[in-house]
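Student: Please take a close look at one part of this model, the place where the two chains touch. I would like a connected account of what lies there.

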2 protein chains.
Amino acid sequence: MDKQQILSKNQQIIFDLIDKSSEPLKAYTILFNVQKKGIKAPLQVYRALDKLVEMGKIHKIESRNAFIACHNSSCQVSKATAFSICEICEKVTEISSVSLSKYLTNFKDKDGMKYSKYNLEFFGLCKKCR
Amino acid sequence: MDKQQILSKNQQIIFDLIDKSSEPLKAYTILFNVQKKGIKAPLQVYRALDKLVEMGKIHKIESRNAFIACHNSSCQVSKATAFSICEICEKVTEISSVSLSKYLTNFKDKDGMKYSKYNLEFFGLCKKCR
DNA sequence: TTACATAATGTTATAATATAACAATAACTA
DNA sequence: TAGTTATTGTTATATTATAACATTATGTAA
Ligand SMILES: [Zn+2]
Ligand SMILES: [Zn+2]
Ligand SMILES: [Zn+2]
Ligand SMILES: [Zn+2]
C-alpha cells in the first residue's frame, strides 16, 4: 500500500478526524465523533483504522491503544516508528531522527538477525510537564 | 520496587506460570491455568501482573497484550526493554544488547529531551521461520 | 459493455481485554 | 498493640476488538 493512495469515504472521514486532533484518539472516541457522519458501528472504525495503518497514514500507539496521524514522511510506511510519550499529559510526538532510524533499521541481534520492522515508544515528561 | 522482592501467594503462582512458559501468555490464558490454584477472577490476575511488571519480574509485550518473564538481569527493572517478535510463529525474545540499551538510554530528541523509559519491539522472522 | 474480481460498506452479535467499587484479611511498622 | 499498608476476594461493568454474513461500489480485462 502506498502513502499517497486515495482514501475511501469512511477512511477519509476517520483520517480527517485523527489528523486534526492534537492528541491520540481511541477507537471508540473516534466512533463517537463520526456517528453524525453515518459511521455507526465499531467495525467500521476498526476497518478504516486497519487500512490507514497499513497505508502508513496513521500509527497505533500500542501502549495507549490510540491512533495518531503520521507526520513523518520518512517513516517508511509504518515499518519503522518511534514516539515520545509524556507520562503526565499523555502528549505523543512522532520522532523523526535519521540517526535513530538508521541505527534501529541496521540493528542486528546476537544471531545476526535483522528485522523488517520496529516500533519504539519512549516515556518521560514533556517540556511543559517538567 | 526491587527485582529480588519476595512475592505474595498470587504473584508467585502467576509468575511461576509465566516463567516456565515458552511463549508470552495472555491474561485470560493465565486465569484459565491458575483456576485450579484458587485464582478465580480476572482482577486477581491483573493485579498480580501489574505488580510483577512494576518489579521487573515480567514484561508486557504491548503489541500482543501478553506477558513474558524477564530473562535479562540488566534490563533496569522494566525501564528499558527490547524484544524481537516473529511474525509467523509469534516467538518473542528479550534482547539484551548493551550497545542498544546504551544508545537508547542516551538518546536525545531534537529538543534535547531525554527519556526515563522506553519499550522497543522488533518484528521479523525468527531463525526457524525463515 | 459485460463479466469477473477485489475492495469497501453495513449490520448484528459476541469475544477478548481491562478496571471500578467495596469488603475482608494478612503483613509490616512504630 | 494499634495503626498502616499490601494483598486478597468478589461482583459487576467498562473498554477494546473481531466473527460472520449480506450488500454495494470500484477496478479490470475480454
Ligand atoms: Zn510516521
Ligand atoms: Zn506533558
Ligand atoms: Zn527484562
Ligand atoms: Zn518464527
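Tutor: Contact here means heavy atoms within 4.5 Å. By that criterion, in this predicted model, 29 residues of chain A are in contact with 29 residues of chain B. Between the two chains an area of about 2,600 Å² is buried, and carbon and sulfur atoms give 64% of that area.

The polar part of the interface can be counted as well. Between chain A and chain B there are 10 residue pairs in polar contact, with both residues at pLDDT 80 or more. On the chain A side, the elements that give two or more residues to the surface touching chain B are helix 4 (98-105) and strand 5 (117-124). Strand 5 of chain A has the largest share, eight residues. Sorted by residue class, the side of chain A that touches chain B holds 13 nonpolar, eight polar and eight charged residues.

Strand 5 of chain A also takes part in pairing across the interface. Its partner is strand 5 of chain B, residues 117-124, and the two run in the antiparallel sense over seven bridges. Within this pairing, Lys117(A) has Phe123(B) as its bridge partner in strand 5 of chain B.

Lys117(A) appears again when the salt bridges are considered. There are two salt bridges between chain A and chain B. In a salt bridge between the chains, the side chain of Lys117(A) meets that of Glu87(B), at 3.7 Å from N to O. Lys117(A) thus has a bridge partner in Phe123(B) and a salt-bridge partner in Glu87(B).

Conventions. Residues numbered from 1 in each chain as written. Chains lettered and ligands numbered in written order. Predicted model: local features only at pLDDT ≥ 70, side-chain atom pairs only at ≥ 80, totals over all residues. Heavy atoms only, no water. Buried area = accessible area lost by both parts, 1.4 Å probe. Salt bridge = Lys/Arg side-chain N within 4 Å of Asp/Glu carboxyl O. Polar contact = N/O pair within 3.5 Å; in protein donor to acceptor, adjacent residues only side chain to side chain. Helix = DSSP H or I, 4+ residues; strand = E, 2+ residues; numbered from the N terminus. Nonpolar A, V, L, I, M, F, W, Y, C, P; charged D, E, K, R; others polar. Pairing = 2+ DSSP bridges.
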